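User: I should like to learn how to read the features of a protein model in a systematic way. Could you guide me through the one shown here?

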Amino acid sequence: MPIEVPPGGFLPPPAVPQPNIFPMEWRVDTAKLADIYERSKRQVWNPSDLPWGALHPERWSREQRVAMMYWWAVLANFDGSGPAVFARATIHAFEQHEEDPVRKCFFAITRDEINHEECCHRAIAALVPGGPLDFAATTDLELAAVNNIGWLYHNGGRYWSGYKKAIEQYPLAILFTSFMMGEVASSTLFRGMYGSCTIPVFREVFERIGRDEARHLQICITILEKDWPGLSDEHKETITRQLRAGFVFLSMILWEPPNQFWEIPDTFLPNHRELIGIAREAGLGVLSYEDQADNWRVAMARVRSLVERWGIEFPAIPELDIDGVDVGDISAEDIIPVF
Ligand SMILES: [Fe+2]
Ligand SMILES: [Fe+2]
């Protein structure tokens with residue numbers, strides 16, 4: 001049968017209303033991103049294969065187990081939110097018809113973050129079955145841990161609502177600056193903890209996650225170098241604010257929460273310090289307050305030199321003696337960064 005051609009020519013289909021994942025196309029503008037995606041497929045790992053059986057939680061006191069579980073639960077506020085955050089960003093990238101490697105890199109980050117979340121889950125389940133929230137807490141330490149985790153997740157919930165709005169509202173360059181902050185923070189955190197942790201399976205977790213986060217950071221920087229040149233002054237100001245929001249949010253896991261955004265009761269910080277101190281003594285690898293501050297300062301200097309190349313001002317971070325632009329108060333709507 002011959003192909004049928006209507007006498008007046010083919011009837012063109014209606015344009016697909018946007019935003020939409022259709023029409024399908026696989027455009028490649030940035031070969032480097034395609035390379036990073038290939039690398040992420042080759043470097044894939046399986047958390048189930050790590051030597052969890054060698055953990056032997058009974059070798060620690062109940063307090064130490066609860067304190068280490070607490071740290072993993074704090075981490076889950078960040079790393080555990082990664083899958084949902086990047087899954088949503090992946091769909092958004094499809095709807096915006098971002099080039100194919102951008103979409104695939106988002107997907108790869110989602111895949112990695114599922115592994116990181118699984119590590120949080122496995123560590124918590126091994127240390128305190130039923131944790132982080134659903135175990136029979138009886139001592140003051142256990143009750144304080146549960147209370148703090150509850151407050152943390154309250155704040156995580158506020159950030160999630162803000163994120164869902166932000167993703168529709170901001171251009172990718174702004175979202176990615178926030179993601180970049182998260183990746184700088186996480187690669188810094190896991191590198192530091194890998195160096196000081198004395199528990200073999202956790203060291204291995206920190207090493208693997210650290211390598212993933214370094215790759216995520218590379219993805220973010222590659223996308224930003226492509227998108228930053230086109231930014232308006234208004235967008236640049238938003239990014240300056242986002243960098244401060246990143247510091248405010250991520251300090252909860254990298255250091256200590258500053259006096260902004262976080263809705264926490266007065267008991268939170270003293271009990272947090274106590275729990276983290278016990279986890280540190282148990283060998284988890286949490287750095288000292290001063291070492292954390294030093295690491296955070298070095299990470300900020302790295303971000304600063306990156307953004308200033310594109311004429312983006314850096315915010316003031318008086319907590320770390322970093323001078324810069326005063327961006328005022330930070331609200332839940334400002335918080336985008338993730339690990
Ligand atoms: Fe990440
Ligand atoms: Fe992560």
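Analyst: Let us begin at the end of the chain, bearing in mind that this is a predicted model. D321 is found in the segment after α10, a helix that covers residues 289-308.

User: Is D321 buried or exposed?

Analyst: The general idea is to compare relative accessibility with a cut-off: over 50% a residue is called exposed, and under 20% it is called buried. At 70% relative accessibility, D321 therefore counts as exposed.

User: What is the phi angle of D321?

Analyst: Its value is near 60 degrees, which is positive although D321 is a residue other than glycine. H97 is a further case, with a positive phi of about 50 degrees, and it is not a glycine either. H97 sits in the loop between α3 and α4. Its relative accessibility is 17%, so H97 counts as buried.

User: Which peptide bonds are cis, and how is this read?

Analyst: The angle to inspect is omega. The bond from Q18 to P19 is cis, with omega near -5 degrees. The bond from F22 to P23 is also cis, again with omega near -5 degrees. P19 lies in the segment before α1, the helix of residues 31-42, and P23 is found in the segment before α1 as well.

User: Which residue of a helix is in contact with P19?

Analyst: Contact here means heavy atoms within 4.5 Å. Leaving aside neighbours within four places in sequence, E95 is in contact with Q18, P19, N20 and I21. E95 is in helix α3 and counts as partly exposed, because its relative accessibility is 25%. Sequence separation and spatial distance should be read together: E95 and C120 are 25 residues apart in sequence and 31 Å apart in space, C-alpha to C-alpha.

User: How far apart are I124 and M68 by the two readings?

Analyst: They are 56 residues apart in sequence and 8.1 Å apart in space, C-alpha to C-alpha. I124 is placed in helix α4 and is buried, given its 4% relative accessibility. Beyond its neighbours within four places in sequence, I124 is in contact with M69, W72, A73, P129, G131 and P132.

User: What does the chain look like as a whole?

Analyst: One starts with the secondary structure and then turns to overall dimensions. The chain has 10 helices and 0 strands. Its C-alpha trace spans about 85 × 50 × 30 Å along the principal axes. A compact globule of 339 residues would have a radius of gyration near 20 Å, and the value of 22 Å for the chain agrees with this. Buried residues make up 53% of the 339 residues. Among contacts with a separation of 6 or more, 82% join residues 24 or more positions apart. The exposed area is about 15100 Å², of which carbon and sulfur atoms supply 55%.

User: How many charged side chains are there, and where do their centres lie?

Analyst: There are 31 positive and 48 negative side chains, and the centres of the two sets lie 5 Å apart.

User: Which protein atoms are donors to the iron ion (ligand 2)?

Analyst: To read a metal site, one lists the donor atoms, then their spacing along the chain. The protein donors are D79 (OD), E113 (OE), E113 (OE), H116 (ND1) and E213 (OE), at 2.1 to 2.6 Å from the iron ion (ligand 2). Their spacing along the chain is D-x33-E-x2-H-x96-E. D79 lies in the loop between α2 (62-76) and α3 (82-95), while H116 belongs to helix α4 (residues 100-127), so the pair ties together parts that are 37 residues apart in sequence. D79 and H116 are both buried.

User: Which residue bridges the iron ion (ligand 2) and the iron ion (ligand 1)?

Analyst: E113 does so, and the two ions lie 3.6 Å apart.

User: Which residues does H216 touch?

Analyst: Not counting residues up to four places away in sequence, H216 touches I109, D112, E113, H116 and E183. E113 and H116 are thus contacts of H216 as well as donors of the iron ion (ligand 2). H216 lies in helix α7, residues 200-227, and is buried, with a relative accessible area of 0%.

User: Where does S251 lie?

Analyst: S251 is in helix α8, residues 233-254. Its relative accessible area is 0%, so S251 is buried. Apart from neighbours within four places in sequence, its contacts are G246, E256, P257, P258 and W296.

Definitions and conventions: Residues are numbered from 1 along each chain as its sequence is written. Chains are lettered from A and ligands numbered from 1 in the order in which they are written. This is a predicted model: local features need pLDDT of at least 70, side-chain atom pairs count only at pLDDT 80 or more; totals for chains, interfaces and linings use all residues. Side-chain values use heavy atoms; hydrogens and water are left out. Helices (H or I, at least four residues) and strands (E, at least two) are DSSP runs, numbered from the N terminus. The radius of gyration is taken over C-alpha atoms; the globule rule is 2.2 Å times the number of residues to the power 0.38. Buried means under 20% relative accessible area, exposed over 50%, partly exposed in between (1.4 Å probe, protein chains only). Accessible areas come from the Shrake-Rupley method with a 1.4 Å probe; for residues, only the protein chains shown count as cover. Lys and Arg count as positive and Asp and Glu as negative; His and the chain ends are not counted. The place of a charge is taken as NZ of Lys, CZ of Arg, CG of Asp or CD of Glu. Donors are N, O and S atoms within 2.8 Å of the metal (3.2 Å for Na, K and Ca); water is not among the atoms, so sites may look incomplete.
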